[in-house]
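Q: Please take a close look at one part of this structure for a reader who has not met it before. I would like a connected account of how that part is packed, followed by a few single residues that help in reading the rest.

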Protein chains: 2
Amino acid sequence: MTPRSDCKALDADDPLRPLREQFALPDGVIYLDGNSLGARPKSALDRARQVVEAEWGKDLIRSWNKAGWFDLPARLGAKLAPLIGARPDEVVVTDSTSVNLFKALAAALHQQEQSYPDRSRRVIVTERENFPTDVYIAQGLASWLERDYEIKLIDSPAQLREAVDASTAVVMLTHVNYRTGRMHDMREVTALAHAQGALMLWDLAHSAGAVPVDLNGADADYAVGCTYKYLNGGPGAPAFIWVPERHQQAFRQPLSGWWSHASPFTMQPQFEPIAGIRRALCGTQPITSLALVECGLDVFSQTSMDAIRTKSLALTDLFIELVETRCSRHSLELFTPREHAQRGSQVSFAHPHGYAVMQALIERGVIGDYREPHIMRFGFTPLYTSFTDVWDAVDTLADILDRKQYDPDARRDAVT
Amino acid sequence: MTPRSDCKALDADDPLRPLREQFALPDGVIYLDGNSLGARPKSALDRARQVVEAEWGKDLIRSWNKAGWFDLPARLGAKLAPLIGARPDEVVVTDSTSVNLFKALAAALHQQEQSYPDRSRRVIVTERENFPTDVYIAQGLASWLERDYEIKLIDSPAQLREAVDASTAVVMLTHVNYRTGRMHDMREVTALAHAQGALMLWDLAHSAGAVPVDLNGADADYAVGCTYKYLNGGPGAPAFIWVPERHQQAFRQPLSGWWSHASPFTMQPQFEPIAGIRRALCGTQPITSLALVECGLDVFSQTSMDAIRTKSLALTDLFIELVETRCSRHSLELFTPREHAQRGSQVSFAHPHGYAVMQALIERGVIGDYREPHIMRFGFTPLYTSFTDVWDAVDTLADILDRKQYDPDARRDAVT
């Protein structure tokens, strides 16, 4: 078993260690929930002050131009692009992940309707275990269109090959599963979809900033994702949508608000989409929240996704090893793949009293979270999680389990 | 002509005068653009700090419960409700006005499709002069549905009676026009729509916080609106949507994200809408921007919409009188109705060099804005605009026009 002294040595050698200083983390907390809400970059406080006091308070309406508010979705998109293998003019930061998924899925269906006027491609393939909002959005869109779209829910990645066929319009998957941390092979799955003439839509909520992503390298068709998890953009910060250059001209989405109009300020009564990625926009964006996204992205510009990935795998390997060694007497079941190629940046263990154990952990300052059924999730964020953090977290977990320091009757009523 | 000394006397007697102290307004500025971006409540700076430093930075993920983030859309909706004649459980603050309009319009069409299975009601009636995004959203939704929906654009309110008939599904209007400041009679127009079996959807972007609104009193069906104009919620702050209790059970909208699910955290793969107004939600909200909305709403709780309206009409009457008296030699054309019942809280004048004159005004600290073609907009926000402000603004305008202190070649390239 890796001793704590080895973790200290690993921390001393960690090239990402200086970046931890850029985050405000409360004392006495080991934060393993960056996969749900990323920690606060210290710079976000000053940036918030600047937006509220100077840009809003002093410059008022002039800030739409002077402070570049109107261009923020595209400017932040360009900054985010390299983290996901996108070109700078292929991404905007805007709206919520759910809303962006609606746009991307609608655009993909539209594209297929144009390519197959007989509308033979009427199936959306996704996973039953996908994050629910993705499935709900597909259900909402499909039922609304009344064009015989069907949603096929597969139960495991192995079923993909059989599920995707000439009737498939879109394969829509979350790259890294929110519950298990299992990661799809983006290149392989995209090729599988394309081989059948289907379009590939990726949800990168648990990938962007967590694992290297190469959307253009994988020849993917559409993607959406989240900025408030591994990208540390702030609570509920606007999400992103990626449309590759090759699809932009044909891109059409039903949320055709004025921010996606070719000339939004000439106030014409006929919608005409702007060229390029801005046609994925809709209405006015929440500037204060949006501006803070940049503070998170600025940390990434000081390192590389490869460096982050190397440390992420080392952290999750260490966590798995320590839990399995120190808690072997307890009914813990690993829900995350051991194979590196299939693992995101989180580790999930099921336990019959998973909710109660997680509450006990949080009580003692080790913050992970819980997902039905029985699953304790631990997210590892190499920008601010140390190897010693991992050791200490497992130490606390082992103590809670060994001494049954949890309330087996604890009932879940919380919302997150 | 009202002398400046009378304005000072009016200010001295103004019961709303103390509220001005609650706003941070820059020195040397007369801000007549609260109809585009409301001024900053002083409390917003502390609130931003609290959200970013304490709620995000210290409490991290726990703030979804502890700080009530998850309930913010509904809690703020309840606070906004009395300003628009709604019940507390009929409003949520969420997403953008465009996105909310999409939801409301889709829900209204769905409701009509249920009531008229022959789908004979296939016309959406709105104004050519409506704010463009409203028309674009209707175009986007209608064309996407491929169900023969048609958008009928009327050229004046007088055409409403003729335009609305048994084929009308929805009448969708902005209560106060963004360009002219002309206000519809909400009760009368709603009754006209209902008399023909149509549903009535109101956009309150330029009404909420500007004029008294009584949605339930008018028996309206759906409404959306904006919090960053007269409600002073902050740049691009999330918008609101109103669904009256009587429509909530049947309310269905295609953006069926997890925040509108009956039990969002049980992670079921089948969408099932939550009861009540939360079914108008979609995905995770931008908390920092959302939280600041409350600072604006808290100012309104210290007065009444009637008091605001009384002062608003006095301010706009004064502005019209002074401009028409002092600038009578110039080619200014009033675009805003003189009748109180038809006037919102802004005054628009057209001038052949409207853009250039507005630039000159802004240069001298009188901030209004410009809308094509040739229209100078002046918004009056009784919470922080004084009668002396109005006098001084007209004094500056008169001087600019009298001495031609503007650049007749100024070209518009700005975005707002």
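A: The account below starts with a pair of helices and then moves on to single residues.

This is a predicted model, in which local features need pLDDT of at least 70 and side-chain atom pairs count only at pLDDT 80 or more, while totals for chains, interfaces and linings use all residues. Residues are numbered from 1 along each chain as its sequence is written, chains are lettered from A and ligands numbered from 1 in the order in which they are written, and side-chain values use heavy atoms, with hydrogens and water left out.

In chain A, helix H2 spans residues 43-58 and helix H10 spans residues 287-300. Helices here are DSSP runs (H or I) of at least four residues and strands (E) are runs of at least two, numbered from the N terminus. H2(A) and H10(A) pack at about 145 degrees, and their axes are 9 Å apart. Each axis is a line fitted to C-alpha atoms, for helices over the stretch in contact, and an angle between N-to-C directions runs from 0 to 180 degrees. The crossing of H2(A) and H10(A) is right-handed, a term used when the near helix is turned clockwise from the far one by less than a right angle, anticlockwise being left-handed.

On the side of H2(A), the residues that meet H10(A) are Ser43(A), Ala44(A), Arg47(A), Ala48(A), Val51(A) and Val52(A). H10(A) contributes Ile287(A), Thr288(A), Ala291(A), Leu292(A) and Cys295(A); contact means heavy atoms within 4.5 Å. Sorted by class, this contact has 8 nonpolar, 2 polar and 1 charged residues. In that sorting Ala, Val, Leu, Ile, Met, Phe, Trp, Tyr, Cys and Pro are nonpolar, Asp, Glu, Lys and Arg are charged, and the others, Gly among them, are polar.

Cys295(A), from the H10(A) side of this contact, is buried at a relative accessible area of 6%. Buried means under 20% relative accessible area, exposed over 50%, and partly exposed in between, with a 1.4 Å probe and protein chains only. The whole structure contains 0 disulfides, a disulfide being a pair of cysteine sulfur atoms within 2.5 Å. Cys295(A) accordingly is in no disulfide, and the nearest cysteine sulfur, that of Cys226(A), is 16 Å away.

Another residue of H2(A) is Ala54(A). Its relative accessibility is 30%, so Ala54(A) counts as partly exposed. Apart from residues up to four places away in sequence, Ala54(A) touches Arg49(A) and Asp59(A). The C-alpha atom of Ala54(A) is separated by 9.7 Å from that of Ala67(A), 13 residues apart along the chain.

Chain B offers a matching view of the helix pair. Helix H2 (residues 43-58) and helix H10 (residues 287-300) of chain B pack at about 145 degrees with axes 9 Å apart, and their crossing is right-handed. The residues in contact include Arg47(B) in H2(B) and Cys295(B) in H10(B). This contact divides into 8 nonpolar, 2 polar and 1 charged residues.

Several loop residues of chain A complete the picture. Lys229(A) lies in the loop between strand E9 (222-225) and strand E10 (240-242). An unreviewed UniProt entry annotates Lys229(A) as "modified residue: N6-(pyridoxal phosphate)lysine"; such positions are given in the numbering used here, feature names are shortened, and annotations may be inferred rather than shown by experiment. Lys229(A) is at 11% relative accessibility and therefore counts as buried. Leaving aside neighbours within four places in sequence, Lys229(A) is in contact with Gly34(A), Asn35(A), Ser36(A), Gly38(A), Ala205(A) and His206(A).

Asn232(A) is also placed in the loop between E9 and E10. Asn232(A) has a phi near 60 degrees, a positive value in a residue other than glycine, and is buried at 1% relative accessibility. A positive phi of about 55 degrees is likewise found at Arg119(A), in the loop between helix H5 (97-115) and strand E5 (123-127) of chain A. Arg119(A) is partly exposed, with a relative accessible area of 32%.

Finally, the peptide bond from Glu372(A) to Pro373(A) is cis, with omega near -10 degrees. Pro373(A) is in the loop between strand E14 (369-371) and strand E15 (375-379) of chain A. In chain B, a cis peptide bond joins Glu372(B) and Pro373(B), with omega about -15 degrees.
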